[in-house]
Amino acid sequence: MLDNKDGVYTPSADFVKNAHIDSSKYSEMYAASVSDPEGFWGEHGRSLDWIKPYTKVKDTSFAHDDVHVRWFEDGTLNVAANCIDRHLATRGDQTAIIFEPDDPAEPAQHITYRELHRQVCKLSNVLEDLGVRKGDRVILYMPMIPEAAYAMLACARIGAIHSIVFAGFSPDALSARINGADARLLITADYAPRGGRQTPLKSNADAALLHTRDDVKMLVVKRTGGQTTWVDGRDFDYHELMLEADEVQHPVEVEAEHPLFILYTSGSTGQPKGVVHSSGGYLLYAAMTQKYVFDVHEGDVYWCTADVGWVTGHSYIVYGPLANGGTTVMFEGVPTYPDASRFWQVCDKHKVTQFYTAPTAIRALMAKGPEFVETCDLSSLRVLGTVGEPINPEAWNWYNDLVGKGRCPIVDTWWQTETGGHLLTPLPGAIATKPGSATLPFFGVQPVVLDPHSGAEITETECEGVLCLKDSWPGQMRTVYGDHERFVKTYFSDYKGYYFSGDGCRRDADGYYWITGRVDDVINVSGHRMGTAEVESALVAHAKVAEAAVVGYPHDIKGQGIYCYVTLMNGEEPSEELRKELRTWVRTEIGPIAAPDLIQWAPGLPKTRSGKIMRRILRKIAEDDFGALGDTSTLADPSVVEDLIENRMNKK
Ligand code: WTA
């Protein structure tokens, strides 16, 4: 049992005894990792298989005029060989991937390391035959099927750089990312079954290719065999090409700093950024965090419920677990299909030992009632994890009591697309937890809290401010694809000499960190990052919209909902239909995850005399916090605010 004293949960003696890291080992290793990063990472870096071993460990600088991040720079390796080939001798027959399809009646697949090797080698040959070479970018727009993992690993095997576009994104978002990466190959599927419904990926991809160069090819996995259109010479059938492909393929040697993937993520401007991750440092960091944060042991069955379209799926479904030679579950479906016990049925069926999900899923399932959990045998579970947004204590307790039966440490992991892996997180056998806190830094991570106004580092233990990092860690992003200046400007300019996370935080008397949420114009909807500027540009692209401002508001299940203030063009009349039309519009422009929850018609937006929208006020109105509107004396027209308050939308 976890011991709960004053809201602090300590792991049982039994758990600690079997854990990789206990509290004294954590303190010792953490101290070593920050006092001598070269020595620490130099030693741990050797846990990977290098083709040419590195002699240099760390060359990093956060100085504004010279930002660079390089790790293990003169070493070479192959990421896929690290995730597959090196395990063949000892665990060729062990299951690497358990595939659990959307439909529970469809049998699960157990893919061994040997079979994974075969599939990835063949696909690597297929990609090479299609003209893909080291350094080329390949876009993946895939369901959560084993072929998605094969495609990632095949790219890595030939040194190509994958960029995954979440299957919930629209054709427009897809074509923007194909063009942004200047890719010539798109790997997709006919349909993506999810929750009993099917997303038509192939037809979305067809639509996307209308807005790209003409020579982009498509490799299509026939997942359902449903009807699609086919363009001969452009579209290729995955399974047909795989049938003929050679099984022998030698992994391509790449430099440690060679980009492994690009992943687009939202920021405070309208355009998503292509976050670039490296091969050597990234893989080491993903592997080490996966092993220690989930305390993974031989024979474990580890399940992260994320989608490979997000960074969590990259680091904690594919690269981390496979680099460690583990067994990882890939789940195609959703938590509530066929009913709200699906997660727990899958845990029961595959005897899952570590389970990692998002607070929004926990809240949604909590709302359905305890019986969906209670009917499943969850005795195999040992560690539970959460990611993506702050977890409210109510959800934490439900997770702890009902799912973990009070015996499983909960690791609340704080990190970002940019960080490649966990930065603040408990290690389950070492760090006592407090519901809602991501606790303490992982090895080598040096968090600091800065005063948001002066930018000065706050040295008192108990404090609140913006969360920055003082020094690099191997999993850190290297640049924004094609725009290093934007990398410097976004992360190293507001607070010189530090990496700025964009999050606010509080540090308590025990030195524990509590993330308070984004301090920029990014909102967190169901654990997904959404730039409010992106939704605004989608709205103003509609012919009837003159102006729009988008903010987040507290939402019971999603964490934050999307609240839009919309000013219509002269002569346009507000109506329920138009509201629906705008909602559909944003869904097609960006994707369903960006669909507005509430749209308020705003005859005017609160602006300063110089024309700047005062978002602070809009946020307060959306939060129903009228008492705290703050200084409104700089408003050009204060009556605008009164109108907005009077006509605010009622939240559900
Ligand atoms: C938020 C997801 C509180 C945070 C891995 C961060 C969290 C953003 C947590 C990154 C957590 C992530 N507690 N907030 N445990 N984990 N966040 O890039 O605001 O999709 O900056 O990466 O999610 O989202 P991203």
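Before I start, one definition: when I say helix or strand today, I mean a DSSP run, with at least four residues for a helix and at least two for a strand, numbered from the N terminus. Thanks for coming, everyone. Please keep in mind that we are looking at a predicted model.

Let's open with the stretch that carries a domain label. UniProt, in an unreviewed entry, places "domain: AMP-binding enzyme C-terminal" at residues 534–612. In our model that stretch is 27% helix and 32% strand. Its end C-alpha atoms lie 18 Å apart.

The same kind of record gives us some individual residues. Which ones does the "binding site" annotation cover? According to UniProt, again an unreviewed entry, they are R194, G195, G196, R197, T312, S526 and R587. They span 394 residues of sequence, and in space they are spread out too, with C-alpha atoms up to 23.8 Å apart. R197 has its place in strand β12, residues 197–199.

Now to the sheets. Please find the open sheet of seven strands, whose order is β7-β6-β19-β18-β20-β21-β22, with mixed pairing. Why is one side of β7 and of β22 left without a neighbour in the sheet? Each of these strands, β7 at 109–112 and β22 at 410–413, stands at an edge and has a single partner strand, so one side stays unpaired. From one strand to the next, the twist averages 20 degrees.

Inside that sheet, have a look at β6, residues 95–100, beside β19, residues 327–331: the two are parallel and share four bridges. If you want a landmark for that pair, E100 stands opposite F331 in β19. Helix α6, residues 113–129, packs on this sheet and touches β6 and β7. The direction of α6 makes about 80 degrees with that of β7.

From α6 we can step on to α7. These two helices pack at about 65 degrees, with axes 8 Å apart, and their crossing is right-handed. On the α6 side the contact includes L116, V120, L123 and L127, and on the α7 side L153, A154 and I158 are among the residues they meet. Sorted by class, the contact of α6 with α7 has eleven nonpolar, three polar and two charged residues.

Helix α7, residues 146–158, has another partner, α12, residues 311–323. Here the packing angle is about 60 degrees and the axes are 11 Å apart. That angle is why α7 counts as oblique to α12. The crossing of α7 and α12 is right-handed. The residues in touch are A149, M152, L153 and A156 from α7, with H314, V318, Y319 and L322 from α12. By class we have seven nonpolar residues, one polar and no charged ones in the contact of α7 with α12.

A further helix pair for you: α8, residues 171–181, and α9, residues 201–209. Their axes come within 8 Å and cross at roughly 55 degrees; the two helices are therefore oblique to each other. Which hand does the crossing of α8 and α9 have, left or right? It is right-handed. From α8, the residues P171, L174, S175 and I178 meet N204, A205, A207, A208 and L209 of α9. This contact of α8 with α9 divides into seven nonpolar, two polar and no charged residues.

Back to strands, with the open sheet of four. Its order is β23-β24-β26-β27, and the pairing is antiparallel. The edges belong to β23 at 447–450 and β27 at 513–518, each of which pairs on one side only. Here the twist averages 45 degrees from one strand to the next. β23 is joined to β24, residues 463–469, by four bridges in the antiparallel sense. In β24, C468 is the bridge partner of V448.

Last stop, a hairpin. How many residues sit between β3 and β4? There are six between these two strands of the hairpin. β3 is residues 58–61 and β4 is residues 68–71; they run antiparallel and are joined by four bridges. S61 has H68 as its bridge partner in β4.

That's the tour, and I'm happy to take questions.

Technical notes
Residues numbered from 1 in each chain as written. Predicted model: local features only at pLDDT ≥ 70, side-chain atom pairs only at ≥ 80, totals over all residues. Heavy atoms only, no water. UniProt positions renumbered as here; feature names shortened; annotations may be inferred. Axes fitted to C-alpha atoms, helices over the stretch in contact; angles between N-to-C directions. Parallel < 35°, antiparallel > 145°, perpendicular 65-115°, else oblique. Left-handed = near helix turned anticlockwise from the far one by under 90°. Contact = heavy atoms within 4.5 Å. Nonpolar A, V, L, I, M, F, W, Y, C, P; charged D, E, K, R; others polar. Pairing = 2+ DSSP bridges.
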